[in-house]
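Colleague: I would like to learn how to read a structure step by step, beginning with charged side chains. Could you take me through this one?

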Amino acid sequence: MRAQSSATTASPIAVATPGPERPGFGTLQAALGVVAFSLTFPATAWGLEGFGPWSLVAVRSVLAAVIAGTALLLLRVPPPARRHWPGLAVVGAGVVLGFPLLTTLALETSTTAHAAVVVGLLPLTTTLLSALRVGTRPSRTFWIAACAGAAAVLAFTAQQSGGALTTADLYLFAALLVCAAGYTEGGRLARVMPGWQVIGWALVLCLPLTVPVAALALTQEPVRLTAHSVTGLLWVAAGSQFVGLVVWYRGMAAIGIPKASQLQLAQPLLTLVWSVLLLGEHLTVAAPLTAAAVLVCIAVTQRSRG
């Protein structure tokens with residue numbers, strides 16, 4: 001407890017961590033995290049123009065760990081209590097390693113639009129794991145709205161893929177499970193330590209694995225530095241892997257895992273917009289219809305009481 005108290009007072013960021021008494025600010029931070037995440041797939045597609053999938057994932061994790069580690073050192077943040085390290089390992093395995101690798105492999109053969117709508121099931125998956133892990137009990141209205149949002153995403157996915165299940169879909173469904181586990185554990189830890197320290201220590205914890213993998217992958221996969229590939233790499237490292245997760249975990253700590261996770265129902269629709277603007281992909285008429293249904297579900301879940 002003493003170490004945790006020091007971690008809380010050693011950083012001005014820690015003092016500013018919003019609590020349950022500031023739900024509006026927590027919702028804003030979680031929403032900013034969703035915006036950052038919505039750019040991940042387009043940025044990954046750009047990164048794959050110049051890097052192999054293993055190189056891109058490993059290098060992004062190393063760069064994000066350097067950013068996080070520098071912040072932890074400059075602010076003299078002491079290591080977390082020993083009891084928190086298993087949870088940080090789950091965050092690292094799910095959010096730092098598993099989700100980026102599986103979605104990057106999927107994007108080698110899938111469009112960002114298709115991947116975005118499949119990953120739209122992440123809010124419901126996170127809520128389910130949250131209920132099992134931390135004992136949250138959302139209301140019946142909450143569950144109905146969440147399931148309706150997931151059904152809308154599933155219908156959109158089926159319409160886009162013709163009902164066929166591809167290898168990319170298998171990667172994406174696996175990514176849902178590992179990411180939901182990382183979000184759930186990270187949201188739990190963000191209640192006892194600042195959210196930026198949760199992802200910061202998880203990134204640092206993965207360095208013994210990501211550094212050698214990055215070194216090996218860069219020698220085995222071709223590298224072509226272009227404006228797109230470098231921009232994509234920098235965004236997924238700094239924006240998606242660190243800054244986005246910082247505000248996301250802070251938001252989850254303030255408003256709760258279930259409600260924060262439902263904000264991600266908007267993420268696939270935002271990614272669809274980015275895929276058109278940044279990648280030139282074309283949307284079908286089903287996209288705005290899905291957007292309307294998802295936004296209604298978000299409004300209901302945010303107003304329901306668990």
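Modeller: Gladly, and please keep in mind from the start that this is a predicted model. In general, side chains of opposite charge can pair when their charged atoms come close. Here, a search of the whole structure finds one salt bridge.

Colleague: Which side chains meet in that salt bridge?

Modeller: The partners are arginine 188 and glutamate 185, whose side chains meet at 2.6 Å, taken from N to O. Both belong to helix H10, which covers residues 167-189, and because they are three residues apart there, about one helical turn separates them.

Colleague: Is glutamate 185 buried or exposed, and how should I describe arginine 188?

Modeller: For this step you need the cut-offs, since buried means under 20% relative accessible area, exposed means over 50%, and partly exposed lies in between. Glutamate 185 has a relative accessible area of 7%, so this residue is buried. Arginine 188 has 24%, and therefore counts as partly exposed.

Colleague: How many positive and negative side chains does the chain have?

Modeller: There are 16 positive and 7 negative side chains in the chain, and the centres of these two sets lie 21 Å apart.

Colleague: What should I look at when I step back to the overall fold?

Modeller: Begin with the secondary structure, where you will find 16 helices and zero strands. Then consider the radius of gyration: a compact globule of 306 residues would have a value near 19 Å, and because the chain has 19 Å, the two agree. Along its principal axes, the C-alpha trace spans about 55 × 55 × 30 Å, while buried residues make up 55% of the 306 residues.

Colleague: What share of the contacts comes from residues that are 24 or more positions apart?

Modeller: Such residues account for 91% of the contacts in the chain that have a separation of 6 or more. As for the surface, the chain exposes about 13,000 Å², and carbon and sulfur atoms supply 71% of that area.

Colleague: Can we finish with a single residue, such as valine 35, and ask where it is found?

Modeller: Valine 35 is found in helix H3, which covers residues 23-38, and with a relative accessible area of 38% this valine is partly exposed. Leaving aside residues up to four places away in sequence, valine 35 touches Leu270 and Trp274. Its C-alpha atom is separated by 10.0 Å from that of glycine 239, although valine 35 and glycine 239 are 204 residues apart along the chain.

Key. Residues numbered from 1 in each chain as written. Predicted model: local features only at pLDDT ≥ 70, side-chain atom pairs only at ≥ 80, totals over all residues. Heavy atoms only, no water. Helix = DSSP H or I, 4+ residues; strand = E, 2+ residues; numbered from the N terminus. Rg over C-alpha atoms; globule rule 2.2 N^0.38 Å. Buried < 20%, exposed > 50% of the residue type's maximum accessible area, 1.4 Å probe, protein only. Contact = heavy atoms within 4.5 Å. Areas by Shrake-Rupley, 256 points an atom, 1.4 Å probe, with all protein chains shown as cover. Lys, Arg positive; Asp, Glu negative; His and termini not counted. Charge placed at Lys NZ, Arg CZ, Asp CG, Glu CD. Salt bridge = Lys/Arg side-chain N within 4 Å of Asp/Glu carboxyl O.
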